[in-house]
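Visitor: Please take one part of this structure and look at it closely, residue by residue. I should then like to follow the account outward into its surroundings.

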Amino acid sequence: MENTIGLEIIEVVEQAAIASAKWMGKGEKNIADQVAVEAMRERMNKIQMRGRIVIGEGERDDAPMLYIGEEVGICTREDAKNFCKPDELVEIDIAVDPCEGTNLVAYGQPGSMAVLAISEKGGLFAAPDFYMKKLAAPPAAKGKVDINKSATENLKIISECLGRSIEELVVIVMKRERHNDLIKEIREAGARVQLISDGDVGAALSCGFSGTNVHALMGIGAAPEGVISAAAMRALGGHFQGQLIYDPAVVKTGLIGESKEANIDRLTSMGITDPDKVYDAHELASGETVLFAACGITSGNLMQGVRFFHGGARTQSLVISTQSKTARFVDTIHMAEQPKVIQLH
Ligand SMILES: O=C(COP(=O)(O)O)[C@@H](O)[C@H](O)[C@H](O)[C@H](O)COP(=O)(O)O
Ligand SMILES: [Mn+2]
Ligand SMILES: [Mn+2]
């Protein structure tokens, strides 16, 4: 799989990031999102592959593009056998978030990215549009921390695994009312909290690399982003666990269905019989081959955001693969017109 599409997916996230970055700081989150979706879809449809969106912009009715179930790639055409090689005709599943952190883009804040994950058919958990309790931690703490343990216990474990005091740890938590007790507990345990308004994929990813000064992600974000984060953490060998949250009283935003009971029914109808199951990275991204690609829209811990210059732009992306066992940072200069200068720094 990687041989055919590994390099092309870099361009997919790059094009989405460039399109969205044109709307950086303009206060128009929906446009910043929409242009990223269009650019991602257009580039994806030029790849010799037979892809299906399993995590996308929602159901077909309210999402005209990159909706769940949409087929993407040249080899989805009826006559594909005539021009696609057998390995390109093998179905693959794709999870996308063309603009992860739409608010961050709209208000010129750090940490937004265009992101996707790819695996064989069935290799990515088709998460419902629910919330997810998440725990991400560095590779050294993989399998040692546990989402069922308290934040205090997990911080002790991370501190031992990393050979640092708890005071030397930084935990990212989304700034939400539902996290007030969690934030208090982390602070009382001695660790420092970095509150973010949006963008918990970048937060999870930061735990996978030493040098980011991020040692854990704790709290509740969206489930689809949890699957994308899990794909990256699985490929990096980091720790990631997720548990679906179906009770509106826990989430507090009221954007999660009518009632706990109705949500459990919905999960059952999707074949999820144990709504409280804790999934690890290998269950959320279970395919033999998992590819993850992200491109910074605004600058974050791992990637610089899109920088425009006259006639072009420069992007920074990250592609992680279980197949080649690589995490590849890609720095690209895009020359839309013949630029007067190609700016390096
Ligand atoms: O911040 C986020 C927004 O993503 P997007 O809509 O693609 O710009 C995600 O990283 C979060 O995981 C998640 O979507 C969020 O926590 C759910 O929203 P909220 O109800 O505001 O917490
Ligand atoms: Mn998102
Ligand atoms: Mn998004």
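Guide: Asp97 and Glu225 are both buried. The model in which they appear is a predicted one, and these two residues are a suitable place to begin, since the metal site leads from them to the sheet.

Asp97 and Glu225 are protein donors of the manganese ion (ligand 2), together with Glu100. Asp97 contributes an OD atom, while Glu100 and Glu225 each contribute an OE atom, and the donors lie 2.0 to 2.1 Å from the ion. Along the sequence, the spacing of these donor residues reads D-x2-E-x124-E. Asp97 belongs to strand β3 (residues 91-100) and Glu225 to helix α8, so this pair ties together parts of the chain that are 128 residues apart in sequence.

A second ion shares one of these residues. Asp97 bridges the manganese ion (ligand 2) and the manganese ion (ligand 3), and the two ions lie 3.6 Å apart. For the manganese ion (ligand 3), the protein donors are Asp97, through OD, and Cys99, through O, at 2.2 to 2.3 Å. Cys99 is buried, as is Asp97.

From Glu225 one may follow helix α8 to the sheet. Helix α8 spans residues 223-236 and lies across β5, β8 and β9. Its direction is at about 25 degrees to β5. Another helix, α5 (residues 151-162), lies across β5, β6 (170-174) and β8 (216-222). Helix α5 runs at about 140 degrees to β8. Strand β5 is thus named among the strands crossed by α5 and also among those crossed by α8.

The sheet itself is open and has 6 strands, in the order β7-β6-β8-β5-β9-β10, with mixed pairing. Its edges are β7 (192-196) and β10; each has a single partner strand, so one side of each is left without a neighbour in the sheet. From one strand to the next, the twist averages 20 degrees.

Strand β5 deserves attention in its own right. In the strand order, β5 stands between β8 and β9. Of the 7 residues of β5, 6 are buried, so the strand is largely enclosed by the rest of the structure. On one side, β5 is joined to β8 by 6 bridges, and the two strands run antiparallel. On the other, 7 bridges join β5 to strand β9 (residues 239-245), again with antiparallel strands. Strands of a sheet pair through backbone hydrogen bonds, in either a parallel or an antiparallel manner. Individual positions show how the register falls. Tyr131 stands opposite Ala222 in β8 and opposite Ile245 in β9. Ala137 stands opposite His239 in β9.

The edge strand β10 leads to an aromatic contact. The structure holds 2 aromatic pairs, and one of them is formed by Phe125 and Tyr279. The ring centres are 4.7 Å apart and the planes meet at 35 degrees, an arrangement that counts as tilted. Phe125 lies in the loop between β4 (113-120) and β5 (131-137), whereas Tyr279 lies in strand β10 (residues 278-280); the pair therefore links distant parts of the chain, 154 residues apart. Both rings belong to buried residues: Phe125 has a relative accessibility of 16%, and Tyr279 has a relative accessible area of 8%. Over the face of Tyr279 lies Lys277, at 5.2 Å from the ring centre.

Two further residues may complete the view. Ala293 is located in strand β11 (residues 290-296), and its relative accessibility of 0% places it among the buried residues. Apart from neighbours within four places in sequence, Ala293 is in contact with Ile9, Val13, Ala114, Val115, Leu116, Leu318 and Val319. Ala293 and Glu120 are 173 residues apart in sequence, and their C-alpha atoms are 15 Å apart in space. Gly202 is found in helix α7 (residues 200-207), where a relative accessibility of 13% makes it buried. Its C-alpha atom is 8.2 Å from that of Leu302, a residue 100 places away in sequence.

To return to the starting point, Asp97 bridges the two manganese ions (ligands 2 and 3), and Glu225, a donor of the manganese ion (ligand 2), lies in helix α8, which lies across β5, β8 and β9.

Conventions: Residues are numbered from 1 along each chain as its sequence is written. Chains are lettered from A and ligands numbered from 1 in the order in which they are written. This is a predicted model: local features need pLDDT of at least 70, side-chain atom pairs count only at pLDDT 80 or more; totals for chains, interfaces and linings use all residues. Side-chain values use heavy atoms; hydrogens and water are left out. Rings of Phe, Tyr and Trp (its six-membered ring) pair if their centres lie within 6.5 Å; planes under 30 degrees apart count as stacked, over 60 as edge-to-face and the rest as tilted. Helices (H or I, at least four residues) and strands (E, at least two) are DSSP runs, numbered from the N terminus. Buried means under 20% relative accessible area, exposed over 50%, partly exposed in between (1.4 Å probe, protein chains only). A charge sits over a ring if NZ of Lys or CZ of Arg is within 6 Å of the ring centre and within 35 degrees of the ring normal. Two strands pair if DSSP finds at least two bridges between them. Axes are lines fitted to C-alpha atoms, for helices over the stretch in contact, and angles run from 0 to 180 degrees between N-to-C directions. Contact means heavy atoms within 4.5 Å. Donors are N, O and S atoms within 2.8 Å of the metal (3.2 Å for Na, K and Ca); water is not among the atoms, so sites may look incomplete.
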